[in-house]
Amino acid sequence: MAAKRIRIALYSPGIVGLGHLRRNLVISQVLAESELRPINLMITEAREASMFVNSMPPGMDCLTLPGLSKSADGICKPRYLDLPLKDLLALRARTIRAALKEFEPDLLIVDNLPRGAYRELDLALKQLKSCGHTRCVLGLRDVLDEPWSVHRDWFRWKNEEAIRDHYDSIWVYGDPAIYNMIDEYRFPDSIRSKIRFAGYLDQRKRMPPINSANLDPLGDCSGAPSRLILCLLGGGQDGDHLAEAFSQATLPPDAYGVIVTGPFMSPQVQQRLAEQAALNPRLRVLGFITEPTMLVARADRVIAMGGYNTVCEVLSFGKRALIVPRIKPRREQFIRAERLCKLGLIDMLQFDDLNPQALSEWMTRELPPLQLDGRINLNGLDRLPALAQEVLAAPRKMSLGA
């Protein structure tokens with residue numbers, strides 16, 4: 001009989017944008033192609049996950065939860081279902097627990113929130129611990145927020161206790177030479193001892209193969225100017241100011257501009273952008289596309305918000321980028337952009353200084369090609385299979401019993 005294949009479950013909370021989903025997608029892809037050859041189940045809350053099904057590696061599928069959204073002031077509510085928030089969270093929590101009970105993963109990789117969105121993982125984590133079979137890993141992006149904010153939130157949600165009780169390891173998808181969260185957040189030894197810095201995640205591994213059925217999102221642009229300047233907004237929920245400033249900026253005469261709005265931008269803003277594009281033959285507006293790296297690879301320059309995945313994309317492809325980081329409800333984009341700007345890896349424009357003229361001036365500025373020169377570790381995805389094997393091979397914790 002063939003040996004039982006390893007089972008890996010990946011949870012991403014979603015809520016704002018598509019970063020959690022895309023991060024777990026590429027992690028799942030790399031693990032599926034490694035010597036582990038696992039069966040992967042991704043649990044996510046973005047409807048858009050279903051659009052990735054046909055491009056997922058063999059042995060992988062996804063479970064989609066009812067969506068949540070969060071406003072700029074931090075208020076969370078159901079994205080689509082007309083239900084009280086507590087009822088929606090209960091539905092999500094019970095769905096996650098039931099799925100993990102039946103799937104029986106050898107490894108659970110949780111993105112960003114140790115207890116899930118609004119503690120929705122608590123039931124599942126207790127169940128997995130009682131069975132004693134599943135190893136749990138917490139995956140964290142390079143920057144979480146300002147230290148005081150992290151301490152406040154982690155105390156409020158009792159994250160340290162959850163990590164102590166349920167997690168075997170913490171993978172940080174970043175480079176401590178850029179931002180060392182061990183020092184920045186002054187974690188206790190119980191947290192520090194579990195942290196493994198993997199490196200940033202090279203987004204070129206997300207590129208579809210040459211014979212992929214994915215179509216070029218721009219189609220035939222043979223008559224367009226030679227240079228593409230790309231505006232990326234993540235999920236688009238809070239990207240309206242950047243998008244509208246870009247649409248009103250003056251493009252260089254040898255360039256055309258493309259805005260990717262994301263699926264969560266309001267219809268009103270999308271309509272205004274469409275009207276602006278109708279007046280400018282060198283401006284195109286695209287909605288949600290499954291693989292923006294195809295555009296990043298073609299772009300001459302990128303103007304974007306400062307989400308983790310977007311920043312990794314421009315660095316992975318060696319693109320000159322102007323990052324306009326958001327500062328609400330968290331400042332992680334600002335912190336990341338500030339650190340990388342000081343190293344000369346990106347240019348940065350503060351949100352209060354955002355206007356069409358500032359974007360126009362940057363687009364016409366003479367800039368040398370981006371040279372990484374080993375200043376940033378982009379080998380995180382290459383390290384993950386070995387880190388997974390390390391966790392799976394570690395002695396099992398004592399079970400508490402059912």
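Is Lys86 buried or exposed? In this predicted model, Lys86 is exposed, and its relative accessible area is 62%. I shall begin with that residue and then turn to the salt bridges of the structure.

Lys86 has a partner, Asp87, and their side chains meet in a salt bridge with an N to O distance of 3.2 Å. Asp87 has a relative accessible area of 34% and is therefore partly exposed, because the exposed class requires over 50%. Lys86, at 62%, passes that cut-off.

How many salt bridges does the model contain in total? The count is 26.

Let us now consider a second pair, Arg115 and Asp122. Their closest N and O atoms are 2.4 Å apart, and the two residues form a salt bridge. Here both partners, Arg115 and Asp122, are buried.

The third pair is Arg227 with Asp300, a salt bridge in which the closest N and O atoms lie 2.9 Å apart. This pair links distant parts of the chain, since 73 residues separate the partners. Arg227 belongs to strand S10, residues 227-232. Asp300 sits in the loop between helix H10 (293-298) and strand S13 (301-304). What is the relative accessible area of Arg227? The value is 16%, so Arg227 is buried, the limit for that class being under 20%. Asp300, by contrast, counts as partly exposed, with 34% relative accessibility.

Finally, salt bridges can share partners, as one network in this model shows: Arg141, Asp142, Glu332 and Arg336 are joined in this way.

Notes: Residues are numbered from 1 along each chain as its sequence is written. This is a predicted model: local features need pLDDT of at least 70, side-chain atom pairs count only at pLDDT 80 or more; totals for chains, interfaces and linings use all residues. Side-chain values use heavy atoms; hydrogens and water are left out. A salt bridge is a side-chain nitrogen of Lys or Arg within 4 Å of a carboxyl oxygen of Asp or Glu. Buried means under 20% relative accessible area, exposed over 50%, partly exposed in between (1.4 Å probe, protein chains only). Helices (H or I, at least four residues) and strands (E, at least two) are DSSP runs, numbered from the N terminus.
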